[in-house]
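Work through the following exercises with the structure in view, settling each step before moving to the next.

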Amino acid sequence: MLAPLSRIISPKYCYQITGYLIPWLSIICAALMLYGVVGGLYFAPADYQQGDGFRIIYVHVPAAFLSLMIYTVIFVSSSIYLIWRVKLADIVAQRSAALGATYTIIALFSGSLWGKPMWGTWWIWDARLTSELILLFLYVGYMGLRSAILDTNRAAYAAAILAVVGMIDIPIIHFSVEWWATLHQGATLAKLAKPSIAEEMLYPLLAMIAAFTFFYITLLCIRVRLEILKREFKTQWVCTLCT
Amino acid sequence: MSAYAIYVWPCYFLVFVLLAAHVVSVILERRKIFKIIFRVASSLKPKSEGYTPSK
């Protein structure tokens, strides 16, 4: 029963599978991004209170959503690495961090640009904003810790511990608008309730969330392939690829 | 100046610059890694038949 599983998590098999997936993922990402950007910038009507400034939502919300999702992926991968010592899980965690940090920066910057006209301030030490900033520090700390330790296995182990401990920040970010009296608004898209946003504004938003997700998955596949080549470059199958 | 010019366009510009930077970094890293692999693969290639080492 474990034999098929050990085949799936082998670097060579993963390299082959991601090679098939990348072109399709890229096409889907490009199509969704085009629809989301055009729909969000041109076809969605202006908000009656915020005017055209609300269109920052089409980058801010997807970036914030992905910043949390990617850290969750890093947490799950790190846990798998710590428990079962699966090399591929460590590669996924390592290669997700840079894009996760990028999305967090985008969320903070776009939120700041949105906050100035809406709240009259670029920044406030609000529960959600502060916890999102801490998430950025976690990402940077994770990448810094990995590069600071020269031995790959020790670096992976230390970074995995940090990723697991830092996971406490994710529910704090998500529930901060419910637990504390914050300036940041509550959830626009709830899991069980009807969305509190008009449909013409909602569909481009969902498309942008999907586009950012597919962008992450595509880049992750490419980066995982490169990391596999880096770690396995002395093996026969890698040398065969290039001859 | 409208909200579009001051807030919305700089936001979208930053997003696409950052995402494009990731794509460029991946392309550059791919080139670097394949250079190393080609070097290793060619050093492991067996010598061709008929080769006689000089005495």
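**Exercise 1.** Place W9(B) in its helix and describe the surface patch to which W9(B) belongs.

*Solution.* W9(B) lies in helix α1 (residues 3-44) of chain B, helices being DSSP runs of H or I with at least four residues, numbered from the N terminus. The model is predicted, so that local features need pLDDT of at least 70 and side-chain atom pairs pLDDT 80 or more, while totals for interfaces use all residues. Residues are numbered from 1 along each chain, and side-chain values use heavy atoms. Together with L34(A), V38(A), Y42(A) and F43(A), W9(B) forms a nonpolar patch on the surface (residues with over 30% relative accessible area and no salt bridge, side chains joined within 5 Å). The patch has about 590 Å² of accessible area (Shrake-Rupley method, 1.4 Å probe), and four of its residues come from helix α2 (residues 11-43) of chain A.

**Exercise 2.** Find the salt bridge across the interface of chain B and chain A.

*Solution.* The rule finds one, a side-chain nitrogen of Lys or Arg within 4 Å of a carboxyl oxygen of Asp or Glu: E29(B) pairs with R95(A), the closest N and O atoms being 2.5 Å apart.

Note on methods. Chains lettered and ligands numbered in written order. Patch = residues over 30% accessible without salt bridge, like charges linked within 9 Å, V, L, I, M, F, W, Y side chains within 5 Å. Helix = DSSP H or I, 4+ residues; strand = E, 2+ residues; numbered from the N terminus.
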